[in-house]
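Subject: A structure for you to look at

Hi there,

Here is the structure I promised to pass on. Please have it open while you read, and my notes follow below.

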Amino acid sequence: MFTHLGFEAKVYVILFVATLFSGSLYGIVAPYFIVIEIALLFWMCVQMPGKRPMAYFNRSHYVQFAILVVFSLFLLWQVPHSYVSSIGWSYVRRFLVFSLMFLMVPRPEVAFSAIKASKYYSLLVAVSIVIATLLTGEKTGGLVGSYQYGGMMMSVACILFLVDYFIEEGRSTDALGFTISLVALLISGKRMFALLVVVAFVLLYALSRRRAGVVRAARLLAAGAIIVLPLYYWFAPVRELAQRLQLLTMDPGSATSGRNLLWAAAWETFRSHSLTGIGFGNFAAWIGANYDTRTIGQYMAHNIYYGLLAETGIVGFVLVVGLLVVSLIQSIPVLLRFRREESALLYYVLTVSVAFQLWFVVYGLTGNGIYNWHEMFLYVSALAMMISVQVHMRTAVRGEWNATLPGSGPR
C-alpha cells in the first residue's frame, strides 16, 4: 500500500517511523520531525486537480483537541505561579504543537502504512539490540540508543507483531518477528515493558478468539516459552528480570524499585497544593528542595497520575485523565462494532490505536510518558488514528477500504 501513496504521504510515513524510533540516539531532533509532519499533514489535506487528499481536516471530533488546548492554557496560567517558573514554558508550546495533530489526521490507509512500516523497522531494531548485546556483553538499545528505550520500543514492536499475528491469519513470519522482538525486550531487563506485552497478548487474544480459537495463542505461547530458558542462562539481564517479576514476594521498595517513596512524596505534595499543584514538570526540583533525597533521589514521580496530582492538582489531573478515559470510551465501542461488521482496514487501525492507548495508560503507572516527546508522540498518534477512523465514517463509505487491506480475507 505504501507504493500507492503520494510523495508527501510517503515522507510522512518515513518521518513517523523516524520519530517513533528516535529513542536516545537522535531523539533531540524528534520535535523538529513532528513539526515537519504537521506541515505535511496540512498539505496532505489539500485537494486540487490531480492531487488526492491523503489526510482529513477534522471538522467534527474536537474533544481531544479541546482538552489538550485547555490543559495548555492552564499550564500557561500556572507558569508564574510555579515553583520554578521557567520549566513550564516548554510544555505549553509542546502540548499546543501536539494539539494540531488532532486537527489534521492522516487517512486510514496512511495510518495503516505508518503502522506497517513501524513494524518492519522495529524488527531491524530488535536485531540490532540482540547483535549489539552479544558483541558487547552489556545491555543496549541498538538503533534506539539506550537499553531503556530499547525495552520500551521492543514492547511496542511486540504489540505490532501480536496485532498482525492475531488479526492476519496467524502468519509464521509475524510469530518469528514477535519472538525476535521478545528476545530483545527480555535482554533489556525492563520489567514494566515485559508486563505490557503480557497485557497486550491477553487483550488481543480476547478480541480475536472468536475467529482464531486457542490454537493460535498456544503456538505463540509455546514459541515464547522455548526461548525463555536459554535466554535465562545466557543473559544476566534476563535473570535479573525474572527476579524482579516476583512482585508479590518483595517489599514495596524492591517491588517498585524505590518509586513508592517518590509516590508518597508526590501525594504529600498534592495534599498541600491540591487545587492547581506546584507547576507542571516541577516535581524533581521540588523534591530536591523539600526532601532528603539521599535515599529517594531527585527524580520525576515515575507515575504520571501521582505526578499530575502533585504538579497540576485536581484541575490538571481531571483534564489529562479525562483525555485518557474519554478517548478509550470513544474508541472501544467502535472497535467492537468493526469486529462484528468486517471492516478490515478500519478494524486494524483502530486495534492498533486502542493497543497504543492502553500501552500509554498502563505505562503511566510507573513511567513519565507525559513529559517526553517520544511517548507523547506515540499516544497522540494513537488518538489521531482513532479520530481518522471516526472522520472517515462520516465522510466515506466504510467498505471502500476493505479491498485495499493486503491479505484481508473474511473475518
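Helix α16 is largely enclosed by the rest of the structure, because 19 of its 23 residues are buried. Please keep in mind that this is a predicted model. You will find α16 at residues 373–395. From first C-alpha to last, α16 reaches 31 Å, close to the 33 Å expected at 1.5 Å a residue.

One residue of α16 worth finding is Tyr379, which pairs with Phe360 of helix α15 (residues 344–363). The two rings are stacked, with 4.5 Å from centre to centre and 20° between the planes. Phe360 and Tyr379 are 19 residues apart, and their pair links distant parts of the chain. Both of these residues are buried.

There is plenty more to see among the rings: the structure holds 24 aromatic pairs. Ring pairs also join Phe71, Tyr91, Phe95, Phe280 and Tyr371 into a cluster. Elsewhere, Tyr147 has the charged end of Lys139 over its ring, 4.1 Å from the ring centre.

Now to the other helix I looked at, α1 (residues 7–20). Its 14 residues should span 20 Å at 1.5 Å a residue, and this agrees with its end C-alpha atoms, which are 20 Å apart. Helix α1 is mostly covered, with 10 of its 14 residues buried. Among those buried residues are Tyr12, Phe16 and Leu20. What do the buried residues of α1 pack against? Their partners are α2 (30–45), β2 (104–106), α5 (108–136), α6 (147–167) and α16, the helix we began with.

Enjoy exploring!

Best wishes

Conventions:
Residues numbered from 1 in each chain as written. Predicted model: local features only at pLDDT ≥ 70, side-chain atom pairs only at ≥ 80, totals over all residues. Heavy atoms only, no water. Helix = DSSP H or I, 4+ residues; strand = E, 2+ residues; numbered from the N terminus. Expected span 1.5 Å × (residues − 1). Buried < 20%, exposed > 50% of the residue type's maximum accessible area, 1.4 Å probe, protein only. Phe/Tyr/Trp six-rings, centres within 6.5 Å; stacked < 30°, edge-to-face > 60°. Lys NZ or Arg CZ within 6 Å of the ring centre and 35° of its normal. Contact = heavy atoms within 4.5 Å.
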